[in-house]
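I opened this notebook to record what I looked up in one model. The entries follow the order in which I asked.

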Amino acid sequence: MSGADGQGARRAALLVAAVVGAALVVVLVVVPPWTLLAEPPGGPTPADPSSVLPPDVLQRAESFAAALRPASLVSLTLGLAVSAVLGLTRLGARLVRAVAAPLGGGWTAQVLLGTAAVVVVGRLATLPVSAYAEVVRHRYGLSTRGWGLWLRDVAVSTAISAVVTALALGSLLWLVRRAPRTWWAWAAAVAAGFVVVGSFLYPVVIEPAFNRFEPLPAGELRARLLDLAEENGTPVQDVLVSDASRRTTALNAYVSGFGSTRRVVLYDTTLEQLPEDAVASIVAHELGHVVHRDVLTGTLVGALGAAAAVALSGWLLSWTPLLGRAGAQSPADPAVVPLVLLLLSVGGLLSTPVQNLVSRQVEARADLRALELTGDAGAFTAMQRELAATNLSDPDPPVAWQWFFGSHPTGAQRIAFAEDWQRLEDAG
Ligand SMILES: [Zn+2]
């Protein structure tokens, strides 16, 4: 392609990234409910960690969180550092060529095996930190996995991630070869499409790779949960129990599938440990996500984000100095693979606080729905306490941590919210 054409294509990529990015910002600002409750008489209830856990458990939860937080930060930094070294020096290109050499070193082998190798190297680098985190979870009684199962889980999730990433990058670089000027436009559309398809396939393909499901036997609880779903205007086809206790003592439930495949899934741990009122409260929260179409919104946000990111990478990957650092001749050169993976990690890191800011609002809205559906702030509070105690979640993490990593309001905030709701009900 001529230099002038190349410049025009670069400008177009940047323009599209800016337009799609702006659409994303609009969706992110418009979708979440930024105010959920009127201020209750006498002002909002302060978030108080001692409203969540008794002193001894609170201390345990705080020391557990304090042991894990450095591990998460080290893992994040280490992953990024490895990615940066491979993406911004010729080491990555050398790795890509080396793993493909036994298979003849062709373009396809370099792209597919090179991608898989970079993914595996990144995982291996952070493996000791993951093992340490698992030791901590064992020490606090939160993990029930033996080391054999832990290794199997790590191997399976790394293999899935390596294969999926290799196929995605393979398709991307194939497009770059086929359409050197407009590949980013095609790739942006394909990436957005993948997000949509993935969000539909996830419960069908990924969930069963890790857990087995049995229907919840007929009885009072099953009937009550099916009724809640009806009342919510979002009937479900089944209530399933997953064998989560093979791995964890954590409590959880979720709703997956769409339309006629929609089902409620309860962790078996939830069923064993929580009174039925609290189980109903958890499920009502999940139904709150369904009625507000949070998965659909999340999918739309993900699709726009993926499209904007690909368009932006169309601009970055045609920037000669950056390609030179990675030892790549063109964006279609397999040597570009480690650089693309670095851009993905950086993009993921930068988008985390934005995603979580929106997620916290969406979670609070689901809490509100749970309170309205069950009309039972007491069961909601009991459920939050039990959840925090069993999952040993810190009800009041450092503000900066919560801002960056917090996908839900803190336990203390959720209980204060339920109290505000109750006070408004009593007043009104
Ligand atoms: Zn939720």
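Which residues does Asp-367 touch, not counting residues up to four places away in sequence? I worked on a predicted model, and there I found that Asp-367 touches His-285, Phe-380, Gln-384, Arg-414 and Phe-417.

Entry on the annotated active site. I consulted the UniProt record, an unreviewed entry, and its "active site" annotation covers Glu-286 and Asp-367. The two span 82 residues in sequence, yet their C-alpha atoms are no more than 8.7 Å apart, so they gather at one spot. I then placed each in its element: Glu-286 lies in helix α10, and Asp-367 lies in helix α13.

Entry on burial at these positions. I asked whether Glu-286 is buried or exposed. Its relative accessible area is 14%, so I noted Glu-286 as buried, the cut-off being under 20%. Asp-367 also counts as buried, because its relative accessibility is 1%. For Glu-286 I listed contacts with Ala-253, Tyr-254 and Val-255, again leaving out residues up to four places away in sequence.

Entry on the zinc ion. Which residues coordinate the zinc ion, and through which atoms? I recorded His-285 (NE2), His-289 (NE2) and Glu-363 (OE), at 1.9 to 2.1 Å. In sequence, I wrote the spacing of these donor residues as H-x3-H-x73-E. His-289 and Glu-363 link distant parts of the chain: the former is in helix α10 (residues 276–291), the latter in helix α13 (residues 337–374), 74 residues apart. His-289 counts as buried because its relative accessibility is 12%; Glu-363, at 10%, counts as buried too. I noted a link back to the opening entry: the zinc donor His-285 is one of the residues that Asp-367 touches.

Entry on the annotated domain. The same kind of check in UniProt gave "domain: CAAX prenyl protease 1 N-terminal", from an unreviewed entry, covering residues 46–212. I found this span to be 82% helix and 0% strand, with its end C-alpha atoms 41 Å apart.

Entry on cavities. How many cavities of 30 Å³ or more does the structure hold? I counted one, and the volume of the largest cavity is about 80 Å³. Its lining comprises 11 residues, of which Ala-9, Arg-10, Pro-180, Gly-314 and Ser-318 lie nearest the centre. The elements that give two or more residues to this lining are α1 (3–30) and α6 (183–205). Helix α1 supplies the largest share, four residues. By class, I noted six nonpolar, three polar and two charged residues in the lining.

Key. Residues numbered from 1 in each chain as written. Predicted model: local features only at pLDDT ≥ 70, side-chain atom pairs only at ≥ 80, totals over all residues. Heavy atoms only, no water. 1 Å grid on protein atoms, 1.4 Å probe; cavity = no way out; pocket = protein on both sides within 12 Å on 5 of 7 lines; lining within 4 Å. Points joined across faces, edges and corners; volume = space filled by probe spheres on them. Nonpolar A, V, L, I, M, F, W, Y, C, P; charged D, E, K, R; others polar. UniProt positions renumbered as here; feature names shortened; annotations may be inferred. Donors = N, O, S within 2.8 Å, 3.2 Å for Na, K, Ca; no water. Buried < 20%, exposed > 50% of the residue type's maximum accessible area, 1.4 Å probe, protein only. Contact = heavy atoms within 4.5 Å.
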